[in-house]
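This briefing introduces a structure to a reader who has not met it before. Please consult the sequence and the model while reading the points that follow.

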Amino acid sequence: MSKTEQTFTPIEKIGRKGLIQKIAEKFDRHGEGMVYGIGDDAAVLGQLSGSHPLISTEIYSEGVDFDLTYTPWQHLGLKVVSMAVSDIIAMNGKPKFLFLNLSLTNKVSVEMVELFYSGVKHGCDLYGVQLAGGDLGAAHKASTVAVTVVGTADTPVYRSGAKAGDAICVTGDLGAASCGLMVLLREKRHFETSGQLVFEPDLTPFEYVVRKQLVPEARADCIDAMKIAGIVPTSMSDVSKSLVSTLVEMMESSKSGCRIYEAALPVHPETRQTADDLEKDIDTFVLYGGEDFELLFTLPEKDVKAFAEQFKDFVVIGKVEPQAHGIKMQTAEGHEMTLT
Ligand SMILES: Nc1ncnc2c1ncn2[C@@H]1O[C@H](COP(=O)(O)OP(=O)(O)OP(=O)(O)O)[C@@H](O)[C@H]1O
Ligand SMILES: Cc1ncc(C[n+]2csc(CCOP(=O)(O)O)c2C)c(N)n1
Ligand SMILES: [Mg+2]
């Protein structure tokens, strides 16, 4: 069946209760640490002993944070889970339970909600998280998705612990997700002016960057490796907004400055290629682009080598300095510039 012929069952046809029942069927009501999930006035979780409960909550609005023209519903479901668990992971925690609140316009069908929850299910399985409840309501013009995640941490890691002399590290690569967003927005503009009925652009040359935008993955693998290596970073945060804003937040709360090296910033070859194609400066994406969901963390110099033996997908991009140094980047040409 092509996109134009997909069935559209209005939510009012099965009703709110009918839709919640369809959602509930996809998820277990009981599970590890969950006494009773979807189906009563509140979820009942198991008792926690020893570790600290962590709670993080986020809201995403249609047209502001996501665009349904180019976002498949199952991708949106997976992405909201990744974005939510990333905040728990960034505290050195383990995500456990998820709550999802949806307010939906009448442009959203039962089938779309089912696709969304198949993405959510995929995310829950990927991160070992259980859907424990939520809420469902109507929206007038734009849909919203609010997500709350509950996790645990034996040793929470804050943004504020960076110490002068620590190495500044980042996982994966930067700038790909915002580069992917630019590609999707360009294709959307093209679609709107072309008069075509179906939005089916050929994104093959942009597969990596578009994937990073539509289905980013939270770096649970890095936290697991830290645990195995017995390493606790001095500070950590996820790069959800941009490298520069995350660095500034981290250094301000750590009462420190830093120096990063432009030449050390990790960039995927496809991001570089796509930036050229878009005729944009690669640095705009790498320094100021959001949604990469990589981890930025600081390690005492002596821990870097030990951690590198356990985990390969990170690089050192700079060093923490005393606060008076400011937040600086040494460019590839050897100049020093202040980052803001
Ligand atoms: N979008 C959703 N995703 C996952 N679970 C949901 C969602 N909406 C509702 N639920 C779950 O379904 C069950 C019934 O929810 P419902 O909102 O109907 O009951 P309630 O919260 O007790 O009622 P009220 O909102 O009037 O207090 C609850 O367990 C709730 O967590
Ligand atoms: C249509 C559309 N407009 C804007 C964006 C960009 N965007 C969405 S959420 C976000 C930050 C997440 O941070 P946090 O998880 O901290 O809320 C950014 C940069 C997008 N993807 N789609
Ligand atoms: Mg409710």
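Domain 1 (13–153) and domain 2 (159–338) each contribute residues to the shell around ligand 2, so ligand 2 lies between them; the domain bounds come from an automatic or database domain assignment. The model is predicted: local features need pLDDT of at least 70, side-chain atom pairs count only at pLDDT 80 or more, and totals for chains, interfaces and linings use all residues. Residues are numbered from 1 along each chain as its sequence is written, while chains are lettered from A and ligands numbered from 1 in the order in which they are written.

**Ligand 2**
- Among the residues around ligand 2 (C-beta atom, placed from the backbone, within 6 Å) are Glu58, Asp65, Lys241 and Glu291.
- By class, this shell holds 5 charged, 3 nonpolar and 2 polar residues; Asp, Glu, Lys and Arg count as charged, Ala, Val, Leu, Ile, Met, Phe, Trp, Tyr, Cys and Pro as nonpolar, and the others, Gly among them, as polar.

**Ligand 1**
- Of the 13 residues around ligand 1, those that come nearest are Ile38, Asp41, Gly133, Gly134 and Leu136.
- Two or more residues of this shell come from each of α1 (11–26), β4 (94–104) and β5 (130–138); helices (H or I, at least four residues) and strands (E, at least two) are DSSP runs, numbered from the N terminus.
- The largest share, 5 residues, is given by β5.

**The sheet**
- An open sheet of 4 strands runs in the order β3-β6-β4-β5, with mixed pairing; two strands pair if DSSP finds at least two bridges between them.
- β3 (52–61) and β5 are the edge strands, each pairing on one side only.
- β4 and β5 pair in the parallel sense over 8 bridges.
- Asn101 has Asp135, in β5, as its bridge partner.
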